[in-house]
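This briefing covers the salt bridges of the model shown below and the solvent accessibility of the residues that form them.

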Amino acid sequence: MEKNIKKELLELARASLISYFDGSDVEIRDSDVKMGSFVTLKKHGTLRGCIGYISGYLPLYRQIYILSREAAFSDYRFPPVEKDELDEIRISISLLTELEAIPTIDSFDISRDGIMMTLDSRRALFLPSVAKETGWDRETLLAELSRKAGLPLDAWKNKAAVFSTFQSEEFSEDEM
């Protein structure tokens, strides 16, 4: 993705949060591009919210606007972001490639891939950056993926578990 588009998306994500509190209008650029994306919020380097869509359901700019608010106010793991926190929140965006089903978990490259696991009616996903940020090895990451899906830590070993991988282009306000 071009640097100017990355910058526009990050500015839009920030404007989405600000406008939530002050009621200002935000102009959302038209786009024919649809792709999976996640918006991640961190406060002092610690996760504060992360929401995304695996596939592009909406035009990219509209999707980033919505995901920014969802990450701030609808991530069930965290209380809603307060107005006085905005200056401490750093935003990053991940743009995803299409999911690709893999034949076995051996096809998962922890240094490159994001991963989604589906077992029964449960599903969980980790972005490619999770392994690097947490320092988890392959087995720990897969155990935590199982936990995130609400399953036992060894659920990833279940023969009925289905895995898909993807890559992402990640960029943040700190880089721009």
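Relative accessible area is sorted into three classes: buried is under 20%, exposed is over 50%, and partly exposed is in between (1.4 Å probe, protein chains only). This is a predicted model, in which local features need pLDDT of at least 70, side-chain atom pairs count only at pLDDT 80 or more, and totals for chains, interfaces and linings use all residues. Residues are numbered from 1 along each chain as its sequence is written, and side-chain values use heavy atoms, with hydrogens and water left out.

**Salt bridges overall**

- The structure holds 13 salt bridges, each defined as a side-chain nitrogen of Lys or Arg within 4 Å of a carboxyl oxygen of Asp or Glu.

**Arg29 and Glu8**

- A salt bridge joins the side chains of Arg29 and Glu8, with an N to O distance of 2.4 Å.
- Glu8 lies in helix H1 (3-22) and Arg29 in the loop between helix H1 and strand E1 (37-43), so the pair ties together parts that are 21 residues apart in sequence. Helices (H or I, at least four residues) and strands (E, at least two) are DSSP runs, numbered from the N terminus.
- Arg29 is partly exposed at 42%, and Glu8 is partly exposed at 29%.

**Arg77 and Asp75**

- Arg77 and Asp75 form a salt bridge at 2.7 Å, N to O.
- Arg77 is partly exposed at 38%, whereas Asp75 is buried at 4%.

**Arg112 and Asp113**

- The closest N and O atoms of the salt bridge between Arg112 and Asp113 are 2.7 Å apart.
- Arg112 is partly exposed at 44%, whereas Asp113 is buried at 2%.

**Network**

- Arg14, Arg90, Glu173 and Asp174 are joined into one network by salt bridges that share partners.
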